[in-house]
Amino acid sequence: MAIAVQALTGLQYLSLLVTAGLLLCRVTVARGRDAAQALGSVAAVRRTRVLASAAALTSVALMVAAAIDVAGWSRWTAGIIPQQLAAAVLVGTGSLIVVVAGGARRPVPTLAGALLGLLGPALTGHSVSVGPRPLMLVVDVGHLLAGAFWTGGLIGTVAVIAALRSDGTAEEAVVVIRRFSSAALVSVLVLAVSGGLMTVLILDAPAALVTTGWGRALLLKLSVVGVAVGLAAWNRTRLLPAIATADAPWERLLRIMRREAVLLLGVLVVTGVLVNLSPHESPPGGALGNGQSPVGAQETMPIAASGVGGPGEPGAPRMAP
Ligand code: HEM
């Protein structure tokens with residue numbers, strides 16, 4: 001069950017962040033007529049709708065999985081956790097707006113739906129089980145928004161530039177890549193500050209970075225993020241200055257951007273594992289004080305089931321306290 005929940009969480013992040021990021025890209029970066037057309041194509045609209053539907057399905061599946069963990073298969077409806085229900089309602093409503101509003105062709109209402117859905121994950125997990133809660137919530141929403149822009153915005157920008165290049169409208173491609181590059185730099189800074197703050201608030205002690213599964217997963221995530229930042233920095237400092245020239249290195253630029261996008265999708269998969277692990281040390285020995293539960297059970301048990309928090313308490317939805 002734990003692996004299924006981690007996979008579902010990763011899938012939810014992929015679908016939510018890419019949907020919101022693509023639409024943010026449409027509104028902020030791909031504003032010109034040709035660029036907007038590239039992101040508003042029938043195929044792009046269809047993909048946005050599929051992604052939004054996947055986000056809604058995964059949030060419902062996560063709610064049901066947590067409820068089964070709390071109350072068992074036969075009485076799972078009694079185990080539904082309010083925070084997870086609220087998250088599923090937000091993601092479901094947001095996804096419905098994206099599907100009905102018509103994808104990137106009507107970016108303003110569609111983006112509103114995508115941003116509503118993006119709030120869902122902030123209602124569950126460590127963002128509500130760790131204090132101070134208002135600060136954690138604001139920081140988490142900022143982290144989700146910046147992560148969405150970098151990941152989905154990058155995918156959208158690659159699609160727009162590839163389309164503009166094949167149509168021979170290189171001037172607009174130059175404008176789009178410059179706009180994206182500046183906004184992505186801000187996103188990376190927001191991610192680093194918000195992610196660093198969440199780390200400080202969640203961790204009991206710096207040593208837990210290496211002694212807990214949560215800490216090791218975070219270090220893995222940071223290594224992948226580091227490589228992606230390195231690729232982005234290479235593009236920005238080496239290739240971007242040359243794009244206005246006659247023999248602009250478009251192919252190399254696009255190749256590096258595609259690799260960066262794959263790494264960011266990997267970051268989201270690792271995050272799906274991270275948020276379901278416990279940042280707390282397991283007690284030493286082979287059994288807990290009551291001698292009934294195996295050590296490390298808190299690592300994978302839902303908060304409500306492990307007795308750390310109850311269904312009425314925040315933080316229960318994910319698989320770890
Ligand atoms: C720059 C360095 C980064 C740091 C230090 C960092 C750190 C963190 C931490 C500590 C959490 C909370 C984990 C938990 O609740 O157990 C988190 C969550 C998350 N991070 Fe990052 N992160 C970084 C970059 C990124 C990037 C680049 C992305 C996107 C590609 C990303 C996407 C996410 C997502 C989707 C969540 C889950 C938020 C939620 O469910 O509320 N992070 N990050």
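Biologist: What span from first C-alpha to last is expected for helix 3, and what does helix 3 reach?

Modeller: This is a predicted model, and in it helix 3 covers residues 42-71, which is 30 residues. The expected span takes 1.5 Å times one less than the number of residues, so 44 Å is expected for helix 3, and its reach of 44 Å is close to that. Right after helix 3 comes glycine 72, with a positive phi near 90°.

Biologist: How many helices and how many strands does the chain have?

Modeller: The chain holds 13 helices and 0 strands. A strand needs a DSSP run of E at least two residues long, so a count of 0 strands says no such run was assigned.

Biologist: What makes Pro121 and His126 stand out around the ligand?

Modeller: They are among the residues that come nearest, together with Gly147, Gly195 and Met198, out of 29 around the ligand. To be in that group, a residue needs its C-beta atom within 6 Å of the ligand.

Biologist: Which helix gives the most to that shell?

Modeller: Helix 8, with 7 residues. Helix 8 runs over 170-202, and UniProt, in an unreviewed entry, lists 176-202 as one of the transmembrane regions. That span is 100% helix, with its end C-alpha atoms 37 Å apart.

Biologist: Why do Gly147 and Gly195 count as polar in the shell around the ligand?

Modeller: Gly is put with the polar residues by definition, so both fall there. The shell divides into 18 nonpolar, 10 polar and 1 charged.

How values were computed: Residues numbered from 1 in each chain as written. Predicted model: local features only at pLDDT ≥ 70, side-chain atom pairs only at ≥ 80, totals over all residues. UniProt positions renumbered as here; feature names shortened; annotations may be inferred. Helix = DSSP H or I, 4+ residues; strand = E, 2+ residues; numbered from the N terminus.
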